[in-house]
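Subject: Handover of a structure, with findings

Dear colleague,

Please find below the structure that I am handing over to you. My findings follow directly after it, arranged by topic.

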Amino acid sequence: MTVIRTIREVWRSRPTIEGAGVHLKRVFGNQEAPRLDPFLLLDDFRSDDPSKYLPGFPWHPHRGIETITYVLEGDVEHGDSMGNRGDITAGDVQWMTAGSGIVHQEMPRGDAQGRMGGFQLWANLPASHKMMDPRYRDVKRSEIPEVSMEGGAKVKIVSGRVNGVQGPVRDIVTDPEDLDVAVPKGARFTHPVKKGHTVFAYVVEGSACFDAGRDPHARETLVHYGDGDAVSITAEKEPVRFLLVSGKPIGEPVAWYGPIVMNTPEEIRIAFDEYRNGTFIKHR
């Protein structure tokens with residue numbers, strides 16, 4: 001018998017400032033991360049005020065994690081210590097595996113109307129993969145399949161599988177599923193998820209019932225699910241759009257300071273010593 005997951009907890013994103021002065025909403029971070037293993041952080045950086053995003057995220061290091069950037073509006077210029085340069089534009093995803101270490105910058109530029117919007121998710125790496133070679137997976141909007149479901153829901157698949165359609169990002173150690181789901185008013189979206197995996201939804205627009213026994217949850221709300229075989233979401237009063245994310249928990253100690261996430265405080269100390277003395281980058 002299929003067990004539909006019920007809500008374990010709910011919270012709203014909160015304003016914060018990051019980088020060189022970027023105003024954003026932090027959906028979850030260090031405080032909540034232990035409950036969302038393997039995920040560490042989710043930021044919502046939507047704004048129509050250029051002064052609040054143009055300062056950007058100048059050069060900074062990462063080690064031990066993956067960062068997943070999904071742009072809805074505007075574009076983000078990026079560059080890194082491996083010589084990569086480019087733009088992430090509306091509808092694109094950049095899946096960066098920092099691994100043993102990378103230094104990069106991300107500079108939001110907005111669109112012609114001054115709008116900038118998107119999300120960045122951090123996913124942890126297990127000890128066995130923290131020092132792997134860095135890599136990028138730049139996924140253009142045209143490469144992300146969209147599946148139409150019975151009842152009218154539409155699902156963009158970055159990673160994972162929906163109705164037999166596989167997303168373009170594969171072979172990730174935490175076995176993530178990353179979906180952008182739009183459900184019209186009056187429709188229901190039911191989707192199988194792997195038992196034992198962490199699952200959450202983040203409401204981008206509108207509202208919906210994410211659990212038959214609970215009231216609707218609206219924009220900028222995160223819904224963290226308990227265990228089970230599937231999720232079922234109903235858009236009772238208005239259309240809803242949400243990110244649905246799941247992944248395999250790692251279950252290892254987390255030592256975290258700023259952009260570096262390792263397993264022990266000693267590994268953190270080594271990482272910052274290497275950054276200061278110029279030996280942080282292991283692969284070019």
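A residue is called buried when its relative accessible area is under 20%, and exposed when this area is over 50%. Please keep in mind throughout that the model is a predicted one.

**Two buried residues**

The cut-off applies to Ser246, which lies in strand 23, residues 240–247. Ser246 has a relative accessible area of 6%, and because this is under 20%, Ser246 is buried. Leaving out residues up to four places away in sequence, Ser246 touches Phe39, Asp175, Pro176, Glu177, Thr198 and Val199.

A second case is Ala235, in the loop between strand 22 (230–234) and strand 23. Is Ala235 buried or exposed? With a relative accessibility of 0%, Ala235 counts as buried. Its contacts, again without neighbours within four places in sequence, are Val183, Pro184, Lys185, Gly186, Ala187, Ser207, Ala208 and Val240. Ala235 also lies 6.4 Å from Cys209, C-alpha to C-alpha, although 26 residues separate the two in sequence.

**Two open sheets**

One open sheet consists of 7 strands, which follow the order 2-3-4-11-6-9-12 with antiparallel pairing. Its edges are strand 2 (14–18) and strand 12 (135–139), each of which pairs on one side only. On average, neighbouring strands in this sheet are turned by 25° against each other, direction ignored. Within the sheet, 5 bridges pair strand 2 with strand 3 (residues 22–28) in the antiparallel sense. Pro15 is found opposite Lys25, a residue of strand 3.

Another open sheet has 4 strands in the order 5-10-7-8, and its pairing is antiparallel. Why is one side of strand 5 and of strand 8 (85–89) left without a neighbour in the sheet? Both strands stand at the edges and have a single partner strand each, so one side of each has no neighbour there. Neighbouring strands of this sheet are turned by 25° on average, direction ignored. Strand 5 and strand 10 run antiparallel and are joined by 4 bridges. His60 stands opposite His104, which belongs to strand 10.

**Pockets**

Rolling a probe the size of a water molecule over the atoms shows where empty space is left.

The largest pocket holds about 440 Å³ of space. It is lined by 22 residues, and those closest to its centre are Glu18, Gly19, Phe57, His60 and Trp122. Two or more lining residues come from each of strand 3, strand 4 (39–44), strand 5 (57–62), strand 10 (102–108) and strand 11 (117–124). Which strand gives the most to this lining? Strand 5 does, with 4 residues. By character, the lining of the largest pocket divides into 10 nonpolar, 8 polar and 4 charged residues. His60 therefore appears in two parts of this account: it is among the residues closest to the centre of this pocket, and it stands opposite His104 in strand 10.

The second largest pocket holds about 310 Å³. Of its 17 lining residues, Gly160, Asp175, Pro176, Glu177 and Lys194 are the closest to its centre. Asp175, Pro176 and Glu177 are also among the residues that Ser246 touches. The lining of the second largest pocket is made up of 5 nonpolar, 6 polar and 6 charged residues.

**Cavities**

How many cavities of 30 Å³ or more are there? The count comes to 2.

The largest cavity has a volume of about 90 Å³. The residues that line it are Leu42, Ile68, Tyr70, Phe119, Gln120, Leu121, Asp178, Phe200, Leu243 and Val245. Strand 6 (65–73), strand 11 and strand 23 each give two or more residues to this lining. The largest share, 3 residues, comes from strand 11. The lining of the largest cavity divides into 8 nonpolar, 1 polar and 1 charged residue.

The second largest cavity has a volume of about 40 Å³. Phe39, Glu66, Ile68, Trp95, Leu121, Ala123, Ile172, Thr174, Pro176, Asp178 and Val245 form its lining. Strand 6 and strand 11 are the elements that give two or more residues to it. The residues of this lining divide into 8 nonpolar, 1 polar and 2 charged.

Yours sincerely

Notes: Residues numbered from 1 in each chain as written. Predicted model: local features only at pLDDT ≥ 70, side-chain atom pairs only at ≥ 80, totals over all residues. Heavy atoms only, no water. Buried < 20%, exposed > 50% of the residue type's maximum accessible area, 1.4 Å probe, protein only. Contact = heavy atoms within 4.5 Å. Pairing = 2+ DSSP bridges. Axes fitted to C-alpha atoms, helices over the stretch in contact; angles between N-to-C directions. 1 Å grid on protein atoms, 1.4 Å probe; cavity = no way out; pocket = protein on both sides within 12 Å on 5 of 7 lines; lining within 4 Å. Points joined across faces, edges and corners; volume = space filled by probe spheres on them. Nonpolar A, V, L, I, M, F, W, Y, C, P; charged D, E, K, R; others polar.
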